[in-house]
Amino acid sequence: MRKFVVGCLILLLVLLGYQQYRLSRAVKAPDKGSQRFISLSPTLTEILFELGAGRDLVAVTTYCVYPEEAKAKEKIGDFVNPNFEKIVGLKPDVVFAETWSSSKIVSRLRGSGLNVREVKSPRSVEEIYQAILQVGEGLGKQSQANTTVEGMKRRIQAIRARADQMKSHPSIYIEIDLPSWTVGRASYTSEAVEMCGARNIFSDVDKPALQASKETIIERNPELILTFDSNPEEFRLRPGWQKISAIQKGWVIGDVGRNMLSHGNHRLVDGMEQLQSRLLQLQTQDGAVRDN
């Protein structure tokens, strides 16, 4: 009888132990709906929201201001030198970071045991597609990423078709920052602008960005100016710029948001559509003036 009771107790303990094991496994099993992400880049933050991971973002950089919900997220500093201790303390499942040669944060985070998904900073539209797909893979949302990329490709195809029908393709100076910082050929901003139907006056420079001299800009005489920071009226006050065709015609565009044409993600197409709309509008107005 005693052996029977002891056997039952042992069996009961085994069953309880197994049940406890199952419960512990259930708790430890990864739940994709409750993962914790940190973004170290405004570009990546926007992609994460676009792919439906915004609710799982626990922290972003101080420069992450879009969409509106990003402003309410915990801030971990800028994207070159973020707050290492704060990031580790937030215990993220994945940290999404762009490749920055000037930043050592990725190696430090990996050294602390964190899972870091490093995404190559895009220099072309094709590399933007790859960045979106990389983020989608890191989230386990490959289908949403593919849908986003395919949508971009369809819209860009339509933009290029409209550009082919434009009666002229004006030369353009793109001022991304002061003083006279612009983009060269190795830039998705330059590529995007040219897809819209304009010709970057610095497309012969194989750099993503450069600081151009006033004399060179005046000499290249752009027919159109696109500015991200300055008020269009300010260009008229620059010494010597009155010689430039764009200034004489008033073809200075300052209302196409820099956060669309300067961020390497899906929002680039929004900026392209806005810019092309302005190009077509200016050409229509110019044609009407000529007819009169």
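Mentor: Two strands pair if DSSP finds at least two bridges between them. Strands (E, at least two residues) and helices (H or I, at least four) are DSSP runs, numbered from the N terminus. This is a predicted model, in which local features need pLDDT of at least 70 and side-chain atom pairs count only at pLDDT 80 or more, while totals for chains, interfaces and linings use all residues. Residues are numbered from 1 along each chain as its sequence is written, and side-chain values use heavy atoms, with hydrogens and water left out.

Trainee: How do you know that β4 and β5 pair?

Mentor: Four bridges join β4 to β5 (residues 116-119), and the rule asks for at least two, so they pair. The two strands run parallel. Val 95 has Val 116 of β5 opposite it.

Trainee: What makes β1 a partner of β4?

Mentor: Three bridges join β1 (residues 37-39) to β4, so the threshold of at least two is met. These strands also run parallel. Phe 37 has Val 94 as its bridge partner in β4.

Trainee: Why is β4 called largely enclosed?

Mentor: Buried means under 20% relative accessible area, exposed over 50%, and partly exposed in between (1.4 Å probe, protein chains only). Five of the five residues of β4 (residues 94-98) are buried, so the rest of the structure largely encloses the strand. Val 94, Phe 96 and Glu 98 point one way, Val 95 and Ala 97 the other way, and all are buried.

Trainee: How much of the protein counts as buried?

Mentor: Of its 292 residues, 44% count as buried. The secondary structure comes to eleven helices and eleven strands. The accessible surface (Shrake-Rupley method, 1.4 Å probe) is about 15,800 Å², and 51% of that belongs to carbon and sulfur atoms.

Trainee: Why is Cys 64 called buried?

Mentor: Cys 64 has a relative accessible area of 1%, which is under 20%, so the residue is buried. Cys 196, at 0%, is buried by that rule too.

Trainee: How many disulfides does a search of the whole structure find?

Mentor: Zero. A disulfide here is a pair of cysteine sulfur atoms within 2.5 Å, so no pair found in the search meets that limit.

Trainee: What is the phi of Lys 91, and is the residue buried or exposed?

Mentor: Phi of Lys 91 is near 50°, a positive value in a residue other than glycine. Most residues other than glycine have a negative phi. Lys 91 lies in the loop between α3 (84-89) and β4. Its relative accessible area is 66%, over 50%, so Lys 91 is exposed.

Trainee: Why is Asn 221 called partly exposed?

Mentor: Its value is 32%, which falls in between 20% and 50%, so Asn 221 is partly exposed. Asn 221 also has a positive phi, about 45°, although it is not a glycine. The residue lies in the loop between α8 (214-220) and β10 (224-227).

Trainee: Which kind of peptide bond runs from Tyr 66 to Pro 67?

Mentor: That bond is cis, with omega near -5°. Most peptide bonds are trans. Pro 67 lies in the loop between β2 (57-60) and β3 (74-75). The bond from Leu 178 to Pro 179 is cis as well, with omega near -5°, and Pro 179 sits in the loop between β6 (171-175) and β7 (181-182).

Trainee: What makes the pair of Tyr 173 and Trp 241 edge-to-face?

Mentor: Rings of Phe, Tyr and Trp (its six-membered ring) pair if their centres lie within 6.5 Å; planes under 30 degrees apart count as stacked, over 60 as edge-to-face and the rest as tilted. Tyr 173 and Trp 241 are 5.9 Å centre to centre with 65° between the planes, so the pair is edge-to-face. Tyr 173 lies in β6 and Trp 241 in the loop between β10 and α9 (245-249), so the pair ties together parts that are 68 residues apart in sequence.

Trainee: Why is the pair of Phe 235 and Trp 241 called tilted?

Mentor: The ring centres are 5.7 Å apart and the planes stand at 50°, so the pair is tilted. Both residues are buried. Tyr 173, Phe 202, Phe 235 and Trp 241 form one aromatic cluster.

Trainee: Which residues touch the most other members of the largest nonpolar core?

Mentor: Val 135, Leu 226 and Met 272 do, in a core of 51 residues. Helix α5 (residues 125-139) gives the most to this core, with seven residues. A nonpolar core is a set of buried Ala, Val, Leu, Ile, Met, Phe, Trp, Tyr and Cys residues joined through side-chain atoms within 4.5 Å. Contact means heavy atoms within 4.5 Å, and, not counting residues up to four places away in sequence, Leu 226 touches residues including Ile 172, Tyr 173, Val 193 and Leu 275.
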